[in-house]
Amino acid sequence: MSDKQDTPRVTVSNYTKIWNLDWVIYALEGKKLPVPANLRVIGIFIVCEIFWIIAGKILFFLPGSYTHALLPVVSTWLIAKQKLDGKAPHKWLFSMILFWMRPKHLHRYQKMEHNKHYTFTKKVVYRTERERE
């Protein structure tokens with residue numbers, strides 16, 4: 001144990017989340033929606049709908065009810081349910097694409113060529129079994 005007295009933690013209020021408003025639609029044309037719709041979720045649904053319509057045209061064996069209703073709803077639910085690394089899905093995907101394209105061998109943030117092939121000139125000795133005492 002330490003001799004110092006532990007100081008109590010101090011909570012500092014941060015009001016930046018006040019300005020991050022979620023835009024929610026509760027009614028359309030005066031008709032109340034059964035579930036309030038978040039604009040982020042609506043945008044994800046539209047993108048998923050377009051994706052599945054195009055995929056349904058390419059993969060012609062998918063029925064229209066799957067490409068227009070079931071698959072967009074399920075994929076929207078999966079994407080909107082989580083934030084990957086604390087980011088929105090499209091920002092996460094963009095950062096992952098940039099990561100995959102970036103060179104992996106860096107030296108002082110410069111691309112490094114690693115073409116040396118190392119060979120052992122002496123005999124390498126290693127243990128195959130663990131000796132117990």
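**View 1. Gly64, a partly exposed residue of α2.** With a relative accessibility of 38%, Gly64 lands in the partly exposed class, because that class sits between the 20% and 50% cut-offs. This is a predicted model, and Gly64 belongs to helix α2. If you want a long-range distance to go with this view, take Phe94: it is 30 residues from Gly64 in sequence, and the two C-alpha atoms are 30 Å apart in space.

**View 2. The run and the bend of helix α2.** Helix α2 covers residues 64-81. How does the span of α2 compare with what its 18 residues should give? At 1.5 Å a residue the helix should span 26 Å, and its end C-alpha atoms are 25 Å apart, so the two agree. Along the way, α2 bends by about 35° at Leu70. A proline, Pro72, follows Leu70 within four residues.

**View 3. The buried side of α2.** Which residues of α2 are buried? They are Thr67, Pro72, Ser75 and Thr76. Part of their cover comes from α1, residues 39-58. Two of the buried residues, Thr67 and Ser75, get their own close-ups next.

**View 4. Thr67 and its contacts.** Thr67 sits in α2, and it counts as buried because its relative accessibility is just 5%, against a cut-off of under 20%. Setting aside residues up to four places away in sequence, Thr67 touches Glu49, Trp52, Ile53, Gly56, Leu62 and Pro72. Pro72 is also the proline that follows the bend at Leu70, and it is itself one of the buried residues of α2.

**View 5. Ser75, further along the helix.** Ser75 is another residue of α2. Is Ser75 buried or exposed? It is buried, since its relative accessibility comes out at 15% and the class takes anything under 20%. Once neighbours within four places in sequence are left out, Ser75 is in contact with Cys48 and Trp52. Trp52 turns up among the contacts of Thr67 as well. For a sense of distance, the C-alpha atoms of Ser75 and Val125 are separated by 53 Å, with their positions 50 residues apart along the chain.

**View 6. The largest pocket.** The volume of the largest pocket is about 240 Å³. Twelve residues line it, and the closest to its centre are Ile44, Ile79, Ala88, Pro89 and His90. Two elements, α1 and α3 (89-101), give two or more residues to this lining. Which element gives the most? That would be α1, with five residues.

**View 7. Asp85, in the loop between α2 and α3.** Asp85 is found in the loop that joins these two helices. Asp85 is exposed, because its relative accessibility of 64% is over the 50% cut-off. Pair Asp85 with Val12 and you get a separation of 73 residues in sequence and 24 Å in space, C-alpha to C-alpha.

**View 8. Glu29 and its positive phi.** Look for Glu29 in the loop between β1 (24-28) and β2 (31-38). Glu29 isn't a glycine, yet its phi is positive, at about 55°. Its relative accessible area is 82%, so Glu29 is exposed.

**View 9. Glu131, in the segment after β4.** Strand β4 takes in residues 110-111, and Glu131 lies in the segment that follows. A relative accessibility of 67% means Glu131 counts as exposed. Glu131 and Phe45 are 86 residues apart in sequence, and their C-alpha atoms are 61 Å apart in space.

**View 10. Confidence along the chain.** The protein has an average pLDDT of 80, and 93% of the residues score at least 70. Where is confidence lowest, and where is it highest? The lowest mean, 74, belongs to strand β3 (residues 106-107), while β1 has the highest, at 90. As a general caution, predicted coordinates should not be read in detail where pLDDT is low.

Definitions and conventions:
Residues numbered from 1 in each chain as written. Predicted model: local features only at pLDDT ≥ 70, side-chain atom pairs only at ≥ 80, totals over all residues. Heavy atoms only, no water. Buried < 20%, exposed > 50% of the residue type's maximum accessible area, 1.4 Å probe, protein only. Contact = heavy atoms within 4.5 Å. pLDDT = per-residue confidence, 0-100. Expected span 1.5 Å × (residues − 1). Bend = angle between axes of the 7 residues up to and from the residue. 1 Å grid on protein atoms, 1.4 Å probe; cavity = no way out; pocket = protein on both sides within 12 Å on 5 of 7 lines; lining within 4 Å. Points joined across faces, edges and corners; volume = space filled by probe spheres on them.
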